[in-house]
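Here are a few short exercises to work through with the model open on your screen. Try each task before you read its solution.

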Amino acid sequence: MEKLALEAARLLFTEGGAGWIVAALLGLACLHLHRESLRALEARIGDAGAAATALERTAQTNAAVAAALESRTRVLEDLARLVAEIARGVDRNDGRTREKLDEILRLVADLRHPVR
């Protein structure tokens, strides 16, 4: 490392000052690269902000979809309960209808065969 530093210092003072020109140009190039890297970092930060905004919107949309699905599920459960109640009511009505028909058949049979 020391050898490289000494060689760089020797080049700066040799060749009639041409080393200083090269050093200045290298410094300007480094400054330009530094500014470009800062711009690139700012662009990446902007992109990250846009991605965060998109993720937030997606999360809000997902929450809305989840709420809608939960509501739909509750409605379907209510409908299932209602259908079960209707089915039980039909079963009870069928039983009552059978009882009434049996009673009517007994009355008809009694009318056909009167008690003597």
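A residue counts as buried under 20% relative accessible area, as exposed over 50%, and as partly exposed in between. Keep in mind that this is a predicted model.

**Exercise 1. Describe the chain as a whole: which secondary structure does the chain have, and what share of its residues is buried?**

Start with the secondary structure: the chain has two helices and zero strands. Next, turn to burial: of the 116 residues, 2% are buried. Finally, look at the surface: the accessible area is about 10600 Å², and carbon and sulfur atoms account for 65% of that.

**Exercise 2. Find the salt bridge of Glu36 and classify both partners as buried, partly exposed or exposed.**

Step one is the partner: Glu36 pairs with Arg39, with 2.4 Å between the closest N and O atoms. That satisfies the cut-off, which asks for a nitrogen within 4 Å of a carboxyl oxygen. Step two is the position: both residues sit in helix H2, three residues apart, about one turn of the helix. Step three is the classification. Arg39 has 48% relative accessibility, so Arg39 is partly exposed. Glu36, at 35%, is partly exposed too.

**Exercise 3. A search of the whole structure finds three salt bridges. Work out where the bridges of Arg74 and Asp78 lie.**

Take Arg74 to begin with: its partner is Glu70, and their closest N and O atoms are 3.5 Å apart. These two residues are four apart in helix H2, again about one turn. Arg74 is partly exposed at 44%, and Glu70 is partly exposed at 48%.

Now move to Asp78, whose side chain meets that of Arg81 at 2.8 Å, N to O. Why are Asp78 and Arg81 about one helical turn apart? Because they are three residues apart in helix H2. Asp78 has a relative accessible area of 41% and is partly exposed, while Arg81 is partly exposed with 47%.

**Exercise 4. Locate the nonpolar patch on the surface and explain how Leu82 qualifies by accessibility.**

First, list the members: Val75, Leu76, Leu79, Leu82, Ile86 and Val90 form the patch, with about 520 Å² of accessible area together. Second, place Leu82: this residue lies in helix H2, which covers residues 18-112. Third, apply the cut-off: patch residues need over 30% relative accessible area. Leu82 has 43%, so Leu82 is partly exposed and passes that cut-off.

Conventions:
Residues numbered from 1 in each chain as written. Predicted model: local features only at pLDDT ≥ 70, side-chain atom pairs only at ≥ 80, totals over all residues. Heavy atoms only, no water. Buried < 20%, exposed > 50% of the residue type's maximum accessible area, 1.4 Å probe, protein only. Areas by Shrake-Rupley, 256 points an atom, 1.4 Å probe, with all protein chains shown as cover. Patch = residues over 30% accessible without salt bridge, like charges linked within 9 Å, V, L, I, M, F, W, Y side chains within 5 Å.
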